[in-house]
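This report describes one helix and its packing, then turns to aromatic rings. The model is a predicted one.

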Amino acid sequence: MYVSPNYPSKAALKRALKEGTRITVFSPGPFPAPTDGRVGIEGPHYPKPHSWYGQATVVDGVVTGVK
């Protein structure tokens, strides 16, 4: 799963989440992203190489926490 907007680092993602930015998850493949629960995330998006990985807690399609 990826997050939108696209963040270059997990630290930048966590800062944006703290600031109140609305962050969503999406699946680049044929399977839909879950709207609730925990999901594995990675970034940045293709074509850049992935440089960070984590877990996101999602509620109603919006990221509420990142580990």
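## Helix H1 and an aromatic pair

Helix H1 spans residues 10-19, and its buried residues are Ala12, Leu13 and Ala16. Viewed down the axis of H1, these buried residues fall within an arc of 100°, so they line one face of the helix. The general background is that an α-helix has 3.6 residues a turn, so residues three or four places apart point the same way.

The buried residues of H1 pack against four elements: strand S1 (2-4), strand S3 (37-43), strand S4 (52-59) and strand S5 (62-66). On the face of H1 turned away from the buried side sit the exposed residues Arg15 and Lys18. After H1 comes Gly20, which has a positive phi, near 95°.

Strand S1, one of the strands that the buried residues of H1 pack against, also holds Tyr2, a member of an aromatic pair. The count of aromatic pairs in the model comes to one. Tyr2 and Phe26 form this pair, with 5.8 Å from centre to centre and 45° between the planes. The pair counts as tilted because an angle under 30 degrees would be stacked and one over 60 edge-to-face.

The partner Phe26 lies in strand S2 (residues 24-26), 24 residues apart from Tyr2, and the pair thus links distant parts of the chain. The burial of the two rings' residues is listed below.

| Residue | Relative accessible area | Class |
|---|---|---|
| Tyr2 | 9% | buried |
| Phe26 | 31% | partly exposed |

Tyr2 is classed as buried because its 9% falls under the 20% cut-off. Phe26, at 31%, lies between the 20% and 50% limits and is therefore partly exposed.

Conventions
Residues are numbered from 1 along each chain as its sequence is written. This is a predicted model: local features need pLDDT of at least 70, side-chain atom pairs count only at pLDDT 80 or more; totals for chains, interfaces and linings use all residues. Side-chain values use heavy atoms; hydrogens and water are left out. Buried means under 20% relative accessible area, exposed over 50%, partly exposed in between (1.4 Å probe, protein chains only). Helices (H or I, at least four residues) and strands (E, at least two) are DSSP runs, numbered from the N terminus. The arc is that of the directions from the helix axis to the C-beta atoms. Contact means heavy atoms within 4.5 Å. Rings of Phe, Tyr and Trp (its six-membered ring) pair if their centres lie within 6.5 Å; planes under 30 degrees apart count as stacked, over 60 as edge-to-face and the rest as tilted.
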